[in-house]
Amino acid sequence: MGENLPRVPGAQLHSSHSPIRTLRAKMVLLGSSGVGKSSLALRFVKDEFKSASPTVGCAYLTRVVHLSDVTLRFEIWDTAGQEKYHSITPLYYRGAHVALVVYDISKRETFARAQMWLNELQKQYIQGSTVMWLIGNKTDLNQERQVSVQEGRALASDKGLLFTETSALSGNQTTELLLALAHRVYEGVGAQQGGLSEWSVTAQAELHHRERFNPVASCCKVGP
Amino acid sequence: MEEEGQRAAVSWDNSTLAPVDRLRSDRAESPTPGLVEGTEPGAGQKSAMFVHAQSFEDLTGETEEEAQTDAELDKSEGESAEDLKVLVSEKAIEDQCNSISTESRSKEEDVSSEAWRSHRKHVFVLSEAGKPIYTRYGTEEALSSTMGVMMALVSFVEAEKNIIRSIHADGCKVVFLTKSPLVLVGVSRTCQSDKELLRELQYIYYQIVSLLTLTQLNHIFQHKQNYDLRRLLAGSEYLTDNLLHRLDRDPGLLLSAVTCLPLASSARDVVSSSLQAAKAKNLVFSILLAGDRLVTLVRKKEQFLHHIDLHLVFNLVGSSSSFREGEGWTPICLPKFNTAGFFHAHISYLEPASELCLILVSTDREDFFNMSDCKQRFLERLSKRSAYQALKEALKSPTYTVAQVGIPELRHFLYKSKSSGLYTSPEFPIMYQSDEEQERLMGLYQDLHSCLHHPSRPLRSFYRCSEAENLFAWVTSGFELYLCFSPLATKALAVSAVNKLLKWIRKEEDRLFILSPLTY
Ligand SMILES: Nc1nc2c(ncn2[C@@H]2O[C@H](COP(=O)(O)OP(=O)(O)OP(=O)(O)O)[C@@H](O)[C@H]2O)c(=O)[nH]1
Ligand SMILES: [Mg+2]
């Protein structure tokens with residue numbers, strides 16, 4: 001089994017509305033195709049499990065988590081693991097407050113791929129600005145396990161990340177993971193000056209404009 | 001059987017969606033006064049078209065060219081028949097054991113088996129270096145030597161300064177489409193013409209381009225001739241599989257047209273204007289689908305969406321459940337618009353369990369939040385009106401029965417308005433409910449279509465009696481009509497049915513077609 005996350009006292013996923021601040025936290029899910037990123041995202045968002053087809057491009061979902069003194073609005077970018085979409089993933093991990101790198105404990109090659117993602121991410125990030133988490137998914141397939149808990153934990157501690165094993169299918173550790181992420185991101189990133197921006201309906205488009213970097217980079221021009 | 005020749009041969013997949021003025025001069029006089037293109041039932045008002053062919057290939061009439069070279073092909077048949085035997089009857093496939101299939105495709109099939117060989121239509125895609133890229137049945141690894149033979153054939157004939165088009169042997173047709181850097185091969189036991197088979201291969205080509213762009217494909221193979229393209233296509237084979245399935249089943253792909261959700265025009269107009277109002281700087285197309293049917297399409301002025309591109313979008317949305325959760329955001333190349341670049345499509349359902357899917361196509365890959373915002377504005381506008389309720393009601397009866405038309409012995413029909421690029425068709429009656437029967441009927445329509453659009457001897461009308469049904473097809477400059485009658489029908493009855501049916505479609509056109517397409 002993976003590392004059990006402590007249940008956090010004072011944190012609830014569903015609580016009544018209160019006039020506390022809502023902060024936006026950008027989360028990105030990375031990893032090979034088929035490791036269960038979309039399934040984890042669906043656990044985070046609806047606490048459901050459904051088999052779906054591979055993600056096309058990217059999927060955007062949101063989930064609000066109420067902590068005792070703040071509300072976090074996770075804006076989740078569930079990327080596609082297929083190689084043809086690899087070149088567009090920087091769009092999504094750029095500026096992320098939380099990066100989850102996922103592998104499938106029953107497929108060793110996905111673990112190797114996770115290491116590649118970690119290397120790519122670490123080129124981009126200054127320690128402390130992003131909560132990075134390594135996730136070994138599909139613990140329900142323990143019988144077919146190819147990557148041991150120790151290996152996962154060793155890789156995580158080597159890179160200075162947190163580590164959890166989950167099962168999107170059974171829901172094992174998924175709620176705990178989301179809560180732990182919320183606390184980490186609030187305490188770590190949120191405490192910094194300008195770490196997390198406040199959420200309001202109108203802020204959406206503006207923030208997006210701030211994030212733009214190279215509008216010329218998009219390649220398709222409309223015209224005859 | 002009766003045939004009427006048509007002097008001016010208009011290439012069908014150009015004529016359907018091309019602008020009226022460009023083709024009018026090429027056309028024969030309309031046989032029915034008052035039914036000139038643009039005035040036929042289902043034609044949009046103001047002769048404005050919502051989908052419209054305007055791409056380099058349409059302008060140059062690519063298929064026309066292909067038709068002309070058909071004559072040359074017949075010459076090479078004799079020589080190639082021997083080679084084909086090798087290809088078709090190949091038994092020993094050495095590479096089978098070194099296959100390194102890591103992908104979990106459910107098409108593991110013994111490629112040396114009789115069952116594999118007896119599939120009605122095989123499709124293979126390979127690189128110019130002869131590397132397998134796609135096979136409809138079996139795995140590419142197991143077929144690498146077969147693909148090698150195909151490539152040898154292609155290069156053998158090319159060396160002779162002939163471009164190989166097709167081989168006919170043993171009740172089997174092999175059709176080649178060379179679209180550098182890809183080579184597509186179709187092996188068919190159906191009676192479809194070479195031209196129809198080529199058209200299907202073209203669709204597959206566009207499907208692949210739509211995932212990667214031609215620019216990227218060229219780039220890859222220029223750098224590494226031997227590149228294994230399956231790496232980049234991994235996980236998308238299902239799109240090609242589904243497209244091939246659609247080609248056998250969907251009248252829209254045969255007619256180069258799309259069909260609409262029947263909806264009162266007042267409601268449709270509100271939906272269209274709500275979409276029109278939810279515009280953004282880089283938004284080019286807003287498309288609302290109900291399953292495989294178009295509810296409406298709003299486009300930027302001067303920008304036209306080709307029916308092939310629209311079918312690729314239908315195929316993408318219809319083949320994937322991944323857009324069901326949250327909002328999808330994906331690069332997509334619309335190859336008939338531009339093979340060089342990606343558009344970025346925001347794809348989401350209006351409600352969780354709804355069939356209504358909104359696709360917003362932008363030119364900017366950073367436009368996600370703007371598109372998301374457009375969707376919100378559209379929804380807000382729409383839900384204030386009663387039109388949304390009418391739309392949801394319409395979803396409950398997305399089709400109609402042929403009985404509603406009230407023509408005795410008529411079982412089914414396809415009617416396409418050429419100027420709008422839209423078609424209408426009733427649901428399949430009970431005797432064509434099974435998959436097999438539906439495919440058989442589609443096969444009959446395909447035959448009729450081939451005859452009407454024969455590259456050198458096109459027909460204007462065609463009546464055919466077969467064992468289980470009588471068929472009548474008629475094409476004018478304004479429309480194409482395919483009717484399926486019970487065997488009891490006579491030709492006289494069929495001809496009189498046409499007028500009755502056209503009257504009925506005229507009466508219903510408000511509901512069945514998009515008569516007032518909008519632009520932003
Ligand atoms: N047994 C088991 N299967 C899972 C689990 N999570 C996901 N799956 C299955 O694994 C397959 C892939 O899951 P997805 O969530 O679509 O994988 P993904 O990482 O989003 O894949 P891409 O979108 O292609 O990158 C599906 O068939 C899921 O049902 C899990 O925890 N246990
Ligand atoms: Mg996914």
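1. Start with the contact between the two chains in this predicted model. On one side, 38 residues of chain B take part; they touch 37 residues of chain A. Together the chains bury about 3200 Å². Carbon and sulfur atoms give 56% of that area.

2. Three residues of chain B stand out here. B:Glu325, B:Glu366 and B:Phe369 supply 25% of the area that chain B buries against chain A. No other three residues supply more.

3. Now look at charge and polarity between the chains. There are four salt bridges across the interface of chain B and chain A. In a salt bridge, B:Glu366 pairs with A:Arg94, with N and O 3.3 Å apart. So find B:Glu366 twice: it is in the trio that supplies 25% of chain B's buried area, and it also bridges to A:Arg94. The interface of chain B and chain A further shows 14 residue pairs in polar contact, both residues at pLDDT 80 or more.

4. Which elements of chain B supply at least two residues each to the side that touches chain A? They are H7, helix H9 (230-233), helix H13 (307-319), strand E10 (327-332) and helix H14 (368-384). E10(B) has the largest share, with five residues. By class, this side of chain B has 17 nonpolar, 14 polar and seven charged residues.

5. Chain B itself is divided into domains. Domain 1 is 2-21 + 257-398, domain 2 is 102-253 and domain 3 is 402-512. Between domain 2 and domain 3 of chain B, 14 residues of the former are in contact with twelve of the latter. These two domains bury about 1100 Å² between them, 46% of it on carbon and sulfur atoms. On the domain 2 side, B:Glu196, B:Arg249 and B:Pro251 lose the most area, together 48% of what that side buries.

6. Salt bridges appear between these domains too. The interface of domain 2 and domain 3 of chain B has two. B:Arg249 forms a salt bridge with B:Asp435, with the closest N and O atoms 3.6 Å apart. Five residue pairs are in polar contact between the two domains, both residues at pLDDT 80 or more. H10(B) gives the most to the domain 2 side, four residues. That side has three nonpolar, four polar and seven charged residues.

7. Finally, the ligand. Ligand 1 is surrounded by 21 residues; the closest include A:Ser33, A:Lys37 and A:Asp140. A:Gly81 is also among the closest, and a backbone N or O atom of A:Gly81 lies 2.6 Å from a ligand oxygen. Side chains join in. A polar side-chain atom of A:Ser38 lies 2.8 Å from an oxygen atom of ligand 1. For A:Thr55, a side-chain N or O atom is 2.8 Å from a ligand oxygen.

Notes
Residues numbered from 1 in each chain as written. Chains lettered and ligands numbered in written order. Predicted model: local features only at pLDDT ≥ 70, side-chain atom pairs only at ≥ 80, totals over all residues. Heavy atoms only, no water. Domains from an automatic or database assignment. Contact = heavy atoms within 4.5 Å. Buried area = accessible area lost by both parts, 1.4 Å probe. Salt bridge = Lys/Arg side-chain N within 4 Å of Asp/Glu carboxyl O. Polar contact = N/O pair within 3.5 Å; in protein donor to acceptor, adjacent residues only side chain to side chain. Nonpolar A, V, L, I, M, F, W, Y, C, P; charged D, E, K, R; others polar. Near = heavy atom within 4 Å.
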